[in-house]
Amino acid sequence: MRSYLKLTLFVVTLTLALILIPQVFAYHLLGGRWPDQKVSYLKNYVYSPSPVEAEYIYAMQSWNDASTPAYFVRVMYWQGLYVNSVAVYEPEVAWLGMTSIVPSPYEYPYEYADVKLNLYYVSDFSSEKTQALAAHEYGHVLGLAHELSSPRVLMYPYLNVFYGIYGVYTPQQDDINGVNDLYS
Ligand SMILES: [Zn+2]
């Protein structure tokens with residue numbers, strides 16, 4: 001009876017400890033964001049036809065499905081504040097994907113973002129792996145920096161780890177928390 005009680009107490013204590021550990025705010029922010037505080041509709045021009053057009057759209061949708069106040073809307077022409085998503089072929093560089101933000105990732109407000117996926121590497125990827133890369137770049141577009149403390153989130157800097165090992169190709173809770181922090 002006594003040892004049974006002890007075991008019960010131990011289990012209860014452990015369970016409580018797990019529940020009481022506060023949510024770790026692990027995400028990192030670049031410092032800037034898009035101007036609308038509550039809802040940021042990001043008009044996203046995706047060049048069509050493009051070898052990665054579908055993956056860009058799936059990646060956009062994965063962020064929209066994450067129910068943050070930010071929302072990507074695909075547009076058919078360039079307008080106002082917008083994101084431009086393209087495919088390039090750059091054999092001389094080491095990057096798979098790149099996001100550039102005007103005036104800078106660290107300043108408020110963002111005016112324009114340019115997302116590039118490098119076909120030199122990406123053309124060998126599965127569609128899901130390309131989507132993982134595009135969704136990561138869109139995390140930067142929203143204002144998220146790299147997250148080094150967990151390899152199981154979209155914003156971990158190494159695709160071969162967060163996707164290759166852990167199969168992450170959509171925004172995870174920590175990524176979502178970061179965007180909610182920025183736009184809620
Ligand atoms: Zn990155």
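Analyst: Let's start with a term: pLDDT is the predictor's confidence in each residue, from 0 to 100. We need it here because this model is predicted. The chain averages a pLDDT of 87, and 86% of its residues score at least 70.

User: How do you know where in the chain confidence is lowest and where it is highest?

Analyst: Compare the means. Helix α1 (residues 2–20) has the lowest confidence, with a mean of 51, while α4 has the highest, at 97. Where pLDDT is low, the predicted coordinates should not be read in detail.

User: What makes up the chain, in helices and strands?

Analyst: There are six helices and five strands. Going along the sequence, you meet them in the order α-β-α-β-β-β-β-α-α-α-α.

User: How do you know that the span of helix α2 agrees with what it should be?

Analyst: Helix α2 covers residues 53–65, which is 13 residues. The expected span is 1.5 Å times one less than the number of residues, which gives 18 Å for α2. The C-alpha atoms at its two ends are 18 Å apart, so the values agree. You can repeat the check on α4: it has 16 residues and reaches 22 Å from first C-alpha to last, close to the 22 Å expected.

User: Which residues in α2 are called buried, and what puts them on the same side?

Analyst: To be called buried, a residue needs 20 or more other C-beta atoms within 10 Å of its own. In α2, E55, Y56, A59, M60 and W63 are buried. They cover an arc of only 140° around the axis, which puts them on the same side of α2. There is a general point behind that: an α-helix has 3.6 residues a turn, so residues three or four places apart point the same way. What covers the buried residues of α2 includes β1 (40–46), β2 (70–75), β3 (82–88) and α4 (127–142).

User: Which residues of α6 are buried?

Analyst: They are D174, D175, G178, V179 and L182. They too sit on the same side of their helix, because their arc around the axis is only 140°. Among the elements covering the buried residues of α6 are β2 and α4.

User: Why is α4 called mostly covered?

Analyst: Just count: 13 of its 16 residues are buried. α4 also turns up in the largest nonpolar core, which has 40 residues. The members touching the most others there are A134, A135 and Y138. Elements giving two or more residues to this core are β1, α2, β2, β3, β5 (112–118), α4, α5 (159–162) and α6 (173–183). α4 gives the most, with seven residues. Y138 touches A59, M60 and W63, leaving aside residues up to four places away in sequence.

User: What makes β5 largely enclosed?

Analyst: Five of its seven residues are buried, so the rest of the structure largely encloses β5. Seven bridges join β3 to β5, and these two run parallel. The bridge partner of V86 in β5 is K116. Strand β4 (residues 97–102) is joined to β5 by six bridges, and this pair runs antiparallel. There, G97 stands opposite L117 in β5.

User: Why is Y41 called partly exposed?

Analyst: Y41, in strand β1, has 13 other C-beta atoms within 10 Å. Exposed means 12 or fewer and buried means 20 or more, so with its 13, Y41 falls in between and counts as partly exposed. Y41 touches Y71 and V73, not counting residues up to four places away in sequence.

User: Why does S67 count as exposed?

Analyst: S67 has 12 C-beta neighbours inside 10 Å, and the cut-off for exposed is 12 or fewer. S67 is in the loop between α2 and β2. Its phi is also worth a look: positive, about 55°, although S67 is not a glycine. Most residues other than glycine have a negative phi, and most peptide bonds are trans.

User: Which peptide bonds are cis, at P49 and at P103?

Analyst: At P49, the bond from S48 is cis, with omega near 5°; P49 is in the loop between β1 and α2. At P103, the cis bond comes from V102, and omega is about 5°. P103 lies in the loop between β4 and β5.

Conventions. Residues numbered from 1 in each chain as written. Predicted model: local features only at pLDDT ≥ 70, side-chain atom pairs only at ≥ 80, totals over all residues. Helix = DSSP H or I, 4+ residues; strand = E, 2+ residues; numbered from the N terminus. Arc of directions from axis to C-beta. Contact = placed C-beta atoms within 7 Å. Core = buried A, V, L, I, M, F, W, Y, C linked by C-beta atoms within 7 Å. Pairing = 2+ DSSP bridges.
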